[in-house]
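Good morning, everyone, and thank you for making time for this. I would like to walk you through one structure, slowly and in order, and I ask you to keep the picture in view while I talk.

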Amino acid sequence: MAEAPGFDWSWRWFLEGVRQALTGPAFYVSISLMGVGSLARAAGFPVGAAVLSTILVWAGPGQLLFFGAVIAKTAPPAIALAVSLSSVRLLPMCLSVLPMLREKRTPLSVLLAASHFIAVTVWAESLRRLPDIERPARLPFFFGLAATCMALTALSTALGYWLMGSLPAPLGAGMMMLSPIYFLATTARSARSGADWLAMLFGAVLAPVMVTFVGGGFDLPALALVGGGGAWFAGYLARRES
Amino acid sequence: MSLFSADPTLAPYLALILFGFLPSEIWRALAVVVARRIDEDSELFLFVRSVATVLLVGVVVKIVLLPSRELSVAPVWARGGALAVAAAAFFATRRSVFAAIVAGEAVVIFSVWWWAR
């Protein structure tokens, strides 16, 4: 075999990925994550950390949890646990996209880099668009699409951060509600079973109780165990019935 | 803020990497390393899915119930009302995320404007 590099690189396909990102997905994700910048500001973080959270964490719910929990004065280990639990869903997402990108000789480092870009938007767009593309073109296309989404979102995170201080009060309050509504709606949209709806209900009903009665910033883990465990167990019983 | 007690310039970045970046990135790295396909319908994944969902809703409830300074200009009925109207718009439009955002935002922005007149 003559081909020494592990994968082919085509700037044409990279630019095609950029172009397709700019037809919708990049704007969709960047506008919805603008509220994360506002949250970061409310949590007392510098703008660089807000932008870095988009580039490094690149998972809206995780960022929302991180800054939201800091605002609520949650204990750091509990924050890390909550963020990690919310990001477990990245594992099956990556597992479903990576086989589409992988070729026999693709280096591990390239796959690691690719996996970093996978979050709900890029995942959904990849599942939709990659099957129509020839395998050697997929990696450059993917990186073009994903990097464009991330770059635009990094900009909008900074924009959300700066706008927060100078907006009239009604718009400032609106910015702060942007991510809560967006994530509630996307979670409801991806709900597949009764257990998912039950989990949302348990979260809504139990959260005020936990906030009131569980101190020390550990209300989130307590909520996760009681509410999440309960919703799963109800679903488990329902599955055994049927 | 207890998170920033050590070094006020570097501490926020350190906190972000330790408690935000690493806890989420570990799952992506694991996916690359784990060769075999993991069953998305196993009980463990269903459990984790429930836990993650409850957590997300819990954080939203906390943001709404214990608002930051910017959000506290909206009275609690406006915050709760925004979520309720967003949910109504969501179901009325056969699960449109966009409709939920527009409807919820309209309620918050309008009621804060109304309240402050």
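Let me begin with the order of elements in chain A, which, read from the N terminus, runs α-α-α-α-α-α-α-α-α-α-α-α-α. Please keep in mind throughout that what you see is a predicted model. Counted up, the secondary structure of chain A comes to 13 helices and 0 strands. If you draw a box around the C-alpha atoms of chain A along the principal axes, that box is roughly 65 × 55 × 30 Å. Chain A has 242 residues, and 52% of them are buried. As for how the chain meets itself, among contacts in chain A with a separation of 6 or more, 78% are between residues that are 24 or more positions apart.

Now to the domains of chain A. The assignment gives domain 1, covering 11–190, and domain 2, covering 192–242, and the centres of these two domains, taken over C-alpha atoms, are separated by 26 Å. Their contact takes 10 residues from domain 1 of chain A and 7 residues from domain 2 of chain A. Which elements give two or more residues to the side of domain 1 that touches domain 2 in chain A? They are α6, residues 76–86, and α11, residues 169–189, of chain A, and of the elements there, α6(A) gives the most, with 4 residues. By character, the residues on that side of domain 1 of chain A divide into 7 nonpolar, 2 polar and 1 charged.

Let us go inside domain 1 of chain A and look at one pair of helices. Helix α2 of chain A, residues 25–32, and helix α10 of chain A, residues 135–166, have axes that come within 8 Å and cross at roughly 30 degrees. An angle under 35 degrees counts as roughly parallel, and therefore α2(A) and α10(A) are roughly parallel to each other. The crossing in which α2(A) passes α10(A) is right-handed. On the α2(A) side, the residues that meet α10(A) include Pro25(A), Phe27(A) and Ile31(A), while on the α10(A) side they include Cys149(A), Leu152(A) and Leu155(A). The residues of this contact of α2(A) with α10(A) divide into 8 nonpolar, 4 polar and no charged.

Leu155(A), which I have just named and which has its place in helix α10 of chain A, deserves a second look. Is Leu155(A) buried or exposed? The answer lies in between: Leu155(A) has 15 other C-beta atoms within 10 Å, and a residue needs 20 or more to be buried and 12 or fewer to be exposed, so Leu155(A) is partly exposed. Leu155(A) and Asp8(A) are 147 residues apart in sequence, and their C-alpha atoms are 30 Å apart in space.

A residue to set beside that one is Trp58(A), in the loop between α4 (47–56) and α5 (60–71) of chain A. Its phi is near 45 degrees, a positive value in a residue other than glycine. Because Trp58(A) has 28 C-beta neighbours inside 10 Å, Trp58(A) counts as buried.

We come now to chain B, whose domain assignment gives domain 1 (1–36), domain 2 (39–64) and domain 3 (67–117). The centres of domain 2 and domain 3 of chain B, taken over C-alpha atoms, are separated by 23 Å. In chain B, too, there is a loop residue with a positive phi, namely Arg95(B), at about 65 degrees although it is not a glycine. Arg95(B) is found between α3 and α4 of chain B, and, with 14 C-beta neighbours inside 10 Å, Arg95(B) counts as partly exposed.

How, finally, do the two chains meet? In total, 65 residues of chain B are in contact with 83 residues of chain A. The elements giving two or more residues to the chain B side are α1 (11–33), α2 (43–65), α3 (76–92) and α4 (97–116) of chain B, and α2(B) gives the most, with 21 residues. That side of chain B divides into 49 nonpolar, 7 polar and 9 charged residues.

One helix pair will serve as an example from this interface. Helix α8 of chain A, residues 108–116, packs with α1(B) at an angle of about 140 degrees, with the axes 9 Å apart, and that makes α8(A) oblique to α1(B). Here, too, the crossing is right-handed, as α8(A) passes α1(B). Among the residues that meet are Leu108(A) and Leu112(A) in α8(A) and Arg28(B) and Val32(B) in α1(B), and the residues of the contact of α8(A) with α1(B) divide into 6 nonpolar, 2 polar and 1 charged.

How values were computed. Residues numbered from 1 in each chain as written. Chains lettered and ligands numbered in written order. Predicted model: local features only at pLDDT ≥ 70, side-chain atom pairs only at ≥ 80, totals over all residues. Contact = placed C-beta atoms within 7 Å. Domains from an automatic or database assignment. Nonpolar A, V, L, I, M, F, W, Y, C, P; charged D, E, K, R; others polar. Axes fitted to C-alpha atoms, helices over the stretch in contact; angles between N-to-C directions. Parallel < 35°, antiparallel > 145°, perpendicular 65-115°, else oblique. Left-handed = near helix turned anticlockwise from the far one by under 90°.
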